[in-house]
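Take a moment with the sequence and the model before reading on. The paragraphs below walk through them step by step.

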Amino acid sequence: MNFWNATFAVFKRELMGYFATPLAYVFIVIFLLAMGSFTFYFGQFFATGRAELDTFFGFHPWLYLFLIPAISMRLWAEEQKTGTIELLLTLPIPVASAVVGKFLAAWVFAGIALFLTFPMWLTVNYLGDPDNGVIFAGYVGSWLMAGGYLAIGSCISALTNNQVIAFVVTVVACFLITISGHNIVLDFFQSWAPLAIVNAISSFSFLTHFASIMNGVIDLRDLIYFGSLIGLALFINVIVVDQKRAG
Amino acid sequence: MIEIEGLVRRFGDLTAVGGISLKVAKGEVLGFLGPNGAGKSTTMKMITGFIAPSEGRITVCGHDVVEQPFEAQSAIGYLPEGAPAYPDMTPEQFLNFIAQVRGLKAEAATKAVEAAVARTGLQGVLNQRIETLSKGFKRRVGLAQAILHNPPVLIMDEPTDGLDPNQKQAVRTLIRNMSAEKAIIISTHILEEVDAVCSRAIIIDKGRIVADGTPAELLARAPSKRMDDVFRALTTPDAEINAEGRA
C-alpha cells in the first residue's frame, strides 16, 4: 500500500468534509471577524500610523489559542464517537497516513482562512509603502504556528472521544507552550533560575520563534523548531491511535 | 480462508474472548450467535485488525493479521457494528474514498463503485448526504463499502440489525448470492437468520464456543427442534433479567 496515496485520499476526504458542512464557512467568517476587529480596535491599526502588519500578526498567537483547537478538537474525537475510526483502522493503510492526511487537511484549511485575510495586506499597501517581504515572512510564520497548534490539538483529540474535553485541554496545552516565551513567565524565572534554563524555557515557546520570523527573517532554526514540534506531536499521535488496538 | 487458533482477548481483568479456535472455508457462511457481550464483536474486531489479540493467532488468506495487517486487511471486507460512515459525505463520495484508499485506480475504481452500488441498490440516493439517509440505506452504504473491492473474505457485524423485514430479506439474498466465492462471517441476534443464510453456525457464550455445527445439527440438540431453545439451553441468561424472572 502506497503511503502517500492513502494519505492523499484521507487528506482529500477531510478537506472536502470541512466544506460539506457549515463548519468551514462559520469558522472562516469568525476567523476573519476576530482578526479584523482585534487589529483595528484593540491594535489601533490606524492610530499607529505605520504601514505594517505587526499589530495584526501580534494578535495571531492569542487568537489561534481559541480558533485552532476549534478545528483540531474533532479530528480524532469525532471518529471515535461515530465509530468511523473502526472503518478507518481496518482499511489496509498505515495509521501514520491517516494521521498525516488529517493533519495536512486541517493545516491547509487553516491556511485558506489565513489567506483570506489578504484584504489586510491590500489595505496597508493602499495606505502606505510597507515592506512586503516582512509581511510575507509574517504569513509564513503565522501558518507554521497554526501547524504547531494543530499538531498538538490533533494529538490531544486522539486521547478522548469527547470534543469538548479535546478543546479545553488543547487550549490549556497551547496556552502553556505559548506563554512560556512571554515576559510574565520569563521574568518570574529570571529572578532565580540560571540563564540557560530561562533561555531553554523561552526557546520552547511559539512566541519566541514567531517573533523572530515576524521580524522578516525566516531562520532555519525557527523552521526546524516548528517542523520538529509538528513531527513530534504527530508521532505521538500515531502512537496514541495505535495504542487503542492494544487497549 | 480464515483460520483462528486459541484467540484470547482481555480488557483489564475482563476476558472478553477466552480461547476461540475455528476455520472458515470458501463457500461457507458462518453465523456467530450469542448473547450480548459474549465476545462476537470483539472476535470480529480482532479478525479485521482493529484490535490486537492478547493471545492466539489469526490468518486470513494465509496472512497473519498481526504480522501482515495490510495484506490481510486487503483481503477483508468489513461491516462494523452499526455500519459507521462519514455523515458529511454522499454515498458516491464515500465509496470513491474507500476505493481510493484501497488503491483502486481510476477505471477500476469507477467499475467497483458501480458494481457495489448496483448490488446494494443505492442508485437513488447516491448524491444525498449519508446523515440524511434512512437506517436501511445507511446499512446498505456500509455493505457497499464492505464488498467494494470484491474481497474473498467478508466480516459483517449484525448486517440486518434494525432493518425492516423487506430490507432484511434483501440483505440475506445479497449474502447468499455472494457466498459461493467467498468466506463469510456474520453475527446476528436473529435466530431464524441462521437458517436462512448460514451454512454453519457457532454459539458463543462468555467468550467461548459452546456449539458448532450446521443449523440442522444445532436444531437436533433441542427436543423441540427450535433454535430459541437451543440458544437458551447453551447460553447464560443475563443476570438481572434472570433475577427479575425469579422474583
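**A sheet in chain B**

Strands β1(B) and β2(B) pair in the antiparallel sense, with 8 bridges between them. This is a predicted model. In the β1–β2 pairing, B:I4 has B:L22 of β2(B) as its bridge partner. The two strands form a hairpin, and 2 residues lie between them. One residue of that turn, B:G12, has a positive phi of about 60°.

What else does β1(B) pair with? It pairs with β4(B), again in the antiparallel sense, over 5 bridges. Here B:I4 appears once more: its bridge partner in β4(B) is B:I58. So B:I4 has B:L22 as its partner in β2(B) and B:I58 as its partner in β4(B).Strand β4, residues 55-60 of chain B, is also joined to β5(B). These two strands run antiparallel, and 2 bridges link them. In this pairing, B:T59 stands opposite B:D64 of β5(B).

Now put the strands in order. They make an open sheet of 4 strands in chain B, in the order β2-β1-β4-β5, with antiparallel pairing. Which strands of chain B are at the edges? They are β2 (14-24) and β5 (63-64), each of which pairs on one side only. In general, strands of a sheet pair through backbone hydrogen bonds, either parallel or antiparallel.

A helix belongs in this picture too. Helix α1 of chain B, residues 40-47, lies across β1 (2-11), β2 and β4 of that chain. Helix α1(B) runs at about 120° to β1(B).

**Chain B as a whole**

Step back from the sheet. Chain B has 10 helices and 10 strands in its secondary structure. Its C-alpha trace spans about 60 × 40 × 35 Å along the principal axes. How does its radius of gyration fit a compact globule? For 247 residues, such a globule would have a radius near 18 Å; chain B has 18 Å, which agrees.

Burial and contacts fill in the view. Of the 247 residues of chain B, 44% count as buried. Take the contacts in chain B with a separation of 6 or more: 67% of them come from residues 24 or more positions apart.

**Two loop residues with positive phi**

Most residues other than glycine have a negative phi. Two residues of chain B are worth a look on this point. B:N150 is not a glycine, yet its phi is positive, near 45°. B:N150 sits in the loop between α5 (135-147) and β7 (153-157) of chain B. Is B:N150 buried or exposed? It is exposed, because 12 other C-beta atoms lie within 10 Å, and the cut-off for exposed is 12 or fewer.

B:E158 is not a glycine either, and its phi is positive, about 45°. The loop that holds B:E158 runs between β7 and α6 (165-178) of chain B. B:E158 is buried, because it has 23 other C-beta atoms within 10 Å, and 20 or more count as buried.

**Where chain B meets chain A**

Next comes the interface. On it, 24 residues of chain B are in contact with 23 residues of chain A. Which elements give two or more residues to the chain B side? They are α2 (69-74) and α3 (91-101) of chain B. Helix α3(B) gives the largest share, 4 residues. By type, the chain B side that touches chain A divides into 14 nonpolar, 8 polar and 2 charged residues.

**Helices in chain A**

Cross over to chain A. Begin with helix α5, residues 74-82 of chain A, where A:R74, A:L75, A:W76, A:A77 and A:E79 are buried. What do the buried residues of α5(A) pack against? Their partners in chain A are α4 (54-72), α6 (84-89), α7 (95-115), α9 (132-157), α10 (163-179) and α14 (220-246). Just after α5(A) comes A:G83, with a positive phi of about 85°.

Two of those partners, α4(A) and α9(A), also meet each other. Two packed helices are described by the angle between their axes and the distance between the axes. The axes of α4(A) and α9(A) come within 9 Å and cross at roughly 30°. The crossing of α4(A) past α9(A) is right-handed.

Look at the residues in this contact. From α4(A) they include A:F57, A:H60, A:P61 and A:Y64. From α9(A) they include A:G138, A:S142, A:M145 and A:A146. The residues of the contact between α4(A) and α9(A) divide into 10 nonpolar, 7 polar and no charged.

How values were computed. Residues are numbered from 1 along each chain as its sequence is written. Chains are lettered from A and ligands numbered from 1 in the order in which they are written. This is a predicted model: local features need pLDDT of at least 70, side-chain atom pairs count only at pLDDT 80 or more; totals for chains, interfaces and linings use all residues. The radius of gyration is taken over C-alpha atoms; the globule rule is 2.2 Å times the number of residues to the power 0.38. Two residues are in contact if their C-beta atoms, placed from the backbone, lie within 7 Å. Two strands pair if DSSP finds at least two bridges between them. Axes are lines fitted to C-alpha atoms, for helices over the stretch in contact, and angles run from 0 to 180 degrees between N-to-C directions. Ala, Val, Leu, Ile, Met, Phe, Trp, Tyr, Cys and Pro count as nonpolar, Asp, Glu, Lys and Arg as charged, and the others, Gly among them, as polar. A crossing is left-handed if the near helix is turned anticlockwise from the far one by less than a right angle, and right-handed if clockwise.
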